[in-house]
Amino acid sequence: MHNQSNMFCKSAENRSFFSMLRSHRFPFLIFVCIGKFLGCKDPQPESFPKPNKYIALTIDDGPLTHYYSYPDDELRWDTVTKLIDVVQTRHIPVTLFVIGREAEVPSMASMLYKWASAGAELGNHTYNHRSFNEFSGVEWLQEIQKTNQILSPISLAFKQRIRYFRYPFLQEGETLAREHESNRAVRDAGLINAHVTIGTDDWTFNEKYMALELKQDWAARYEVGQAYMRHIHKTVAYWDSVGTALEGRSIKHVMMLHANRINRDYLEQIIDTLKQKGYGFISLDEAYRDPIYGQEDLWATKNGVSFLEHLKQTKLYKEHVLKR
Ligand SMILES: [Zn+2]
């Protein structure tokens, strides 16, 4: 499809052919219409190298991160519509982790419907979006089950089933015993813990980005966007090197982004520039075929960090403590 439309766009640039068509208004209009149909109005990505590294894209705080911080519905829909448009036109499989409480807001439920109709798999991100550090295992299970009940009707309408769970702030418990307690609740709810190997810190950039947008300081907002892109590439390279050091190969990554304003403007660029670096985008299911996600985690922390940090610390623990 891309090759076809590229060929078509190239022929549209052929000046002699173009000027010939100009002399006949009607065929020219047909030409333009077909061109638009084939997607020539959008810049087509150049042909990307064959992927040799892989990322599953997950988007948290769906359907729209901090929807209450937007001045109006128009801007909310603008954000969600563009995000969906990018993943759809780029054919990127996405898992959207949804906050149960927010899915109960009628306008948010409509957005959720739009995500699901665009092919996003819906995942569970708890009801209240609070840290497990504040809950018991029993309460945690209730947080998850309540969200499953809210999401299941939409999920079923699109022939899906809620299968994955994402911890808010990636906080699974401050000790190993607490981590086991929360992990058990996730399993008891019939869900799989969707680990993150690449956290992007997009939310910190988004806060600055939105504040500058409200002030209409476009130059400063642009700078934040550029800093965000540099940060993404640095972070991806770093975690890929950690995965490679652990496994001796590039692992299948799970990247976490949010359904926010900065990604509305930069997701397309993130996808295309990572593709240029040899990354391919796969579903969470495909990423989870990588055996790394079944590895034992013997390290706990109060803070939310990459799953690879857990595995790195587990390896150090095994080397320095258990083998003593
Ligand atoms: Zn979240």
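The following conversation concerns the helices and strands of a predicted model.

Colleague: How many helices and strands does the protein chain have?

Modeller: The protein chain has 13 helices and eight strands. Buried residues make up 36% of its 324 residues.

Colleague: Why is helix α10 called oblique to helix α11?

Modeller: The axes of α10 (residues 218–247) and α11 (residues 261–276) cross at roughly 45°. Angles under 35 degrees count as roughly parallel, and 65 to 115 as roughly perpendicular. The crossing at roughly 45° belongs to neither range, and therefore α10 is oblique to α11.

Colleague: What else describes the crossing of α10 and α11?

Modeller: The crossing is right-handed. The axes of the two helices come within 11 Å.

Colleague: Which residues make the contact of α10 with α11?

Modeller: From α10 they are Gly225, Tyr228, Met229, Ile232, His233 and Val236. From α11 they are Ile262, Asp265, Tyr266, Gln269, Ile270, Thr273 and Leu274. The residues of this contact divide into eight nonpolar, four polar and one charged.

Colleague: Why is strand β7 described as largely enclosed by the rest of the structure?

Modeller: A residue is buried if 20 or more other C-beta atoms lie within 10 Å of its own. Seven of the seven residues of β7 (residues 252–258) are buried, so the strand is largely enclosed.

Colleague: What makes both faces of β7 covered?

Modeller: On one side lie Lys252, Val254, Met256 and His258, and on the other His253, Met255 and Leu257; all of these are buried.

Colleague: How do you know that β7 pairs with strand β6?

Modeller: Two strands pair if DSSP finds at least two bridges between them. Strand β6 (residues 198–199) and β7 have two bridges, so they pair, and they do so in the parallel sense. One bridge partner in β7 is methionine 255, which stands against isoleucine 198.

Colleague: How many bridges join strand β1 to β7, and how many join it to strand β2?

Modeller: Seven bridges join β1 (residues 53–62) to β7, and these strands run parallel. β1 and β2 pair over four bridges, likewise in the parallel sense.

Colleague: Which residues stand opposite isoleucine 59 in β7 and β2?

Modeller: In β7 the bridge partner of isoleucine 59 is leucine 257, and in β2 leucine 96 stands opposite isoleucine 59.

Colleague: What makes β2 mostly covered?

Modeller: Five of the five residues of β2 (residues 94–98) are buried. Val94, Leu96 and Val98 point one way from the strand, while Thr95 and Phe97 point the other way.

Conventions. Residues are numbered from 1 along each chain as its sequence is written. This is a predicted model: local features need pLDDT of at least 70, side-chain atom pairs count only at pLDDT 80 or more; totals for chains, interfaces and linings use all residues. Axes are lines fitted to C-alpha atoms, for helices over the stretch in contact, and angles run from 0 to 180 degrees between N-to-C directions. Angles under 35 degrees count as roughly parallel, over 145 as roughly antiparallel, 65 to 115 as roughly perpendicular and the rest as oblique. A crossing is left-handed if the near helix is turned anticlockwise from the far one by less than a right angle, and right-handed if clockwise. Two residues are in contact if their C-beta atoms, placed from the backbone, lie within 7 Å. Ala, Val, Leu, Ile, Met, Phe, Trp, Tyr, Cys and Pro count as nonpolar, Asp, Glu, Lys and Arg as charged, and the others, Gly among them, as polar. A residue is buried if 20 or more other C-beta atoms lie within 10 Å of its own, exposed if 12 or fewer, and partly exposed in between; C-beta atoms are placed from the backbone.
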